[in-house]
Number of protein chains: 2
Amino acid sequence: MFQSFFQYCSPLVSFTREDKQLIETYFSFRQVPKKFTLIANGKIARELYFINKGLLRLYYTKDGEDITAFIFREHLFSGSYDSFLRQAPSIQGLEALEDSDLLVITYDNLQRLYKKVPKMETLSRKIAEQRFINAQLILSSYILDSPEERWKKFEAANGDLLLRVPHHMIASFLGITPVSLSRIRKRLQHP
Amino acid sequence: MFQSFFQYCSPLVSFTREDKQLIETYFSFRQVPKKFTLIANGKIARELYFINKGLLRLYYTKDGEDITAFIFREHLFSGSYDSFLRQAPSIQGLEALEDSDLLVITYDNLQRLYKKVPKMETLSRKIAEQRFINAQLILSSYILDSPEERWKKFEAANGDLLLRVPHHMIASFLGITPVSLSRIRKRLQHP
DNA sequence: TTCTTTTCTTTACAAAAGTTAATGAGTTGA
DNA sequence: TCAACTCATTAACTTTTGTAAAGAAAAGAA
């Protein structure tokens, strides 16, 4: 149950056997079906999720349309961090794109865990840093690359997702319309 | 010298008098002139800067052109975080847009400080979280808003910078060309 | 299965931004 | 002071993307 979680942690902090046993008691396990909404836009994100199996999508809603902010794969932490960290209403929603198995920790439990296991603070700092670096990377791609280049990079890095996720969700993540994505794909097929 | 630094910290962590005195010894003071390069593209960022006075610009270079990634104001931490955190070559440069007064801490000193003052770990985590939230905010503006809307928001939030920073640097931050920014400004003047 | 919904692609047209180049105002520095 | 440079704006033209609508294929529900 916690195997891939501690595998994810091990390059970041070294927990003792006792640490691990304690940490496990602060998490709960949850299975959600495809299309299940974990965090609704406007609500406060009280939980963070480690994905054992499945796929979660973080999205904005604008003019009644969904715009993908990020797609989380298995063996990653996921959540509406912005809302979770500030404990303020979320401007993003989080939903399952596939039937998913999740490890869940609440905000309050995490704060308690910081006090019980100080190394959790280090883990949290490193995850926050990683997420920052990642956000920075995506942002730099928006700043530096054309939509076509962004598509190429996405395809190279996440080719498998193309079979698991509808293209219009990927298009909005790339900052373009499905129509434009279709044109780009056509352009690249017949160069 | 450290007044605005501890003022910045106080909502995040509460340092004791002894903490503060110790922390001060790990920083150094530096004055740099306008146009001074603090971190060159390709070098590893070994330092982080707290801006007592002045303005710093983080930028990418693509095809020989500068593209602004962020503009740091006084009373903020600044640096090429990506490079600093990973201690890997920077894909960004950092330069002074005005004569600036900086508090400087090195990577090694920061690691030592974590051990001496554990609360620094909490401060670092919270700063990383803030920076993540900020990157997220900028990214969501790229995803959700048109260039025209981004300009309006920038003007509303950072109107004072328009007098301190050349417009073409702001244009590249907004993801458009100076020509396009000029058109947008004209369009908004005569609606 | 059959029917409905979702997903993906295509077309034609409109709108916006990029590119290149020219102009003029304002600064900088020798 | 005067030449050189930087910066902002404008124009003409090209390229790209957005919008709206329609049809085909695939997936899901009754």
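In this predicted model, B:Arg30 touches B:Leu38, B:Glu47, B:Tyr49, B:Ser100, B:Asp101, B:Leu102 and B:Val104, once residues up to four places away in sequence are left out. B:Arg30 sits in strand β1 of chain B, which covers residues 28-32. One of the listed partners, B:Ser100, is 70 residues from B:Arg30 in sequence, yet the two C-alpha atoms are 8.3 Å apart in space. Another partner, B:Glu47, is joined to B:Arg30 through the side chains, in a polar contact of 2.8 Å. B:Arg30 counts as partly exposed because its relative accessibility is 27%, and partly exposed residues lie between the limits of 20% and 50%.

The corresponding pair in chain A can be described as a salt bridge. A:Arg30 and A:Glu47 are bridged in this way, with 2.8 Å between the closest N and O atoms. The bridge links distant parts of the chain, since A:Arg30 belongs to strand β1 (residues 28-32) of chain A and A:Glu47 to strand β3 of chain A, 17 residues apart. The two ends are placed in separate classes of accessibility: A:Arg30 is partly exposed at 27%, while A:Glu47, with a relative accessible area of 17%, is buried.

Strand β3 of chain A (residues 47-53) also holds A:Phe50. Is A:Phe50 buried or exposed? Its relative accessibility is 0%, so A:Phe50 counts as buried. Apart from neighbours within four places in sequence, the residues in contact with A:Phe50 are A:Ser4, A:Phe5, A:Tyr8, A:His75, A:Leu76, A:Phe77, A:Asp101, A:Leu102 and A:Leu103. A:Pro166 is not close by: 116 residues separate A:Phe50 from A:Pro166 in sequence, and their C-alpha atoms are 23 Å apart.

Other salt bridges can be followed from here. Side chains of opposite charge can pair when their charged atoms come close. Over all chains, the count comes to 31 salt bridges. In chain B, the side chains of B:Glu95 and B:Arg57 form one of 3.2 Å, N to O. B:Glu95 is in strand β7 (residues 93-96) of chain B and B:Arg57 is in strand β4 (residues 56-62) of chain B, so this bridge ties together parts that lie 38 residues apart in sequence. Both B:Glu95 and B:Arg57 are buried.

A bridge within one helix is found in chain A. A:Glu148 pairs with A:Lys152, and here the closest N and O atoms are 4.0 Å apart. Both residues are in helix α6 (residues 147-158) of chain A, and because they are 4 residues apart, about one helical turn separates them. A:Glu148 is partly exposed, with a relative accessible area of 22%, and A:Lys152 is partly exposed at 41%. Elsewhere in chain A, salt bridges link A:Arg73, A:Glu74, A:Glu98, A:Asp160 and A:Arg164 in a network.

The two chains can now be taken together. Chain A superposes on chain B, with an RMSD of 0.1 Å, after a rotation of 179° and a shift of 0.1 Å along the axis. That is the relation of a two-fold axis. The same surface serves both copies, and 100% of the contact residues of chain A recur in chain B. The contact involves 32 residues of chain A and 32 residues of chain B.

How much area do chain A and chain B bury between them? The figure is about 3,100 Å², with 70% of it on carbon and sulfur atoms. On the chain A side, the residues that lose the most area to chain B are A:Arg125, A:Phe132 and A:Ile143, which together make up 21% of what that side buries.

Charged and polar pairs also cross this interface. The rule finds 6 salt bridges across the interface of chain A and chain B. In one between B:Arg125 and A:Glu121, the closest N and O atoms are 2.6 Å apart. Residue pairs in polar contact between chain A and chain B, both at pLDDT 80 or more, number 4. The side of chain A that touches chain B draws at least two residues from each of β4 (56-62), β5 (65-72), α3 (81-86) and α5 (119-144). With 17 residues, α5(A) gives the most to that side of chain A. Sorted by class, the side of chain A that touches chain B consists of 16 nonpolar, 7 polar and 9 charged residues.

Key. Residues numbered from 1 in each chain as written. Chains lettered and ligands numbered in written order. Heavy atoms only, no water. Least-squares fit on C-alpha atoms with pLDDT ≥ 70 in both. Contact = heavy atoms within 4.5 Å. Buried area = accessible area lost by both parts, 1.4 Å probe. Polar contact = N/O pair within 3.5 Å; in protein donor to acceptor, adjacent residues only side chain to side chain. Nonpolar A, V, L, I, M, F, W, Y, C, P; charged D, E, K, R; others polar. Buried < 20%, exposed > 50% of the residue type's maximum accessible area, 1.4 Å probe, protein only.
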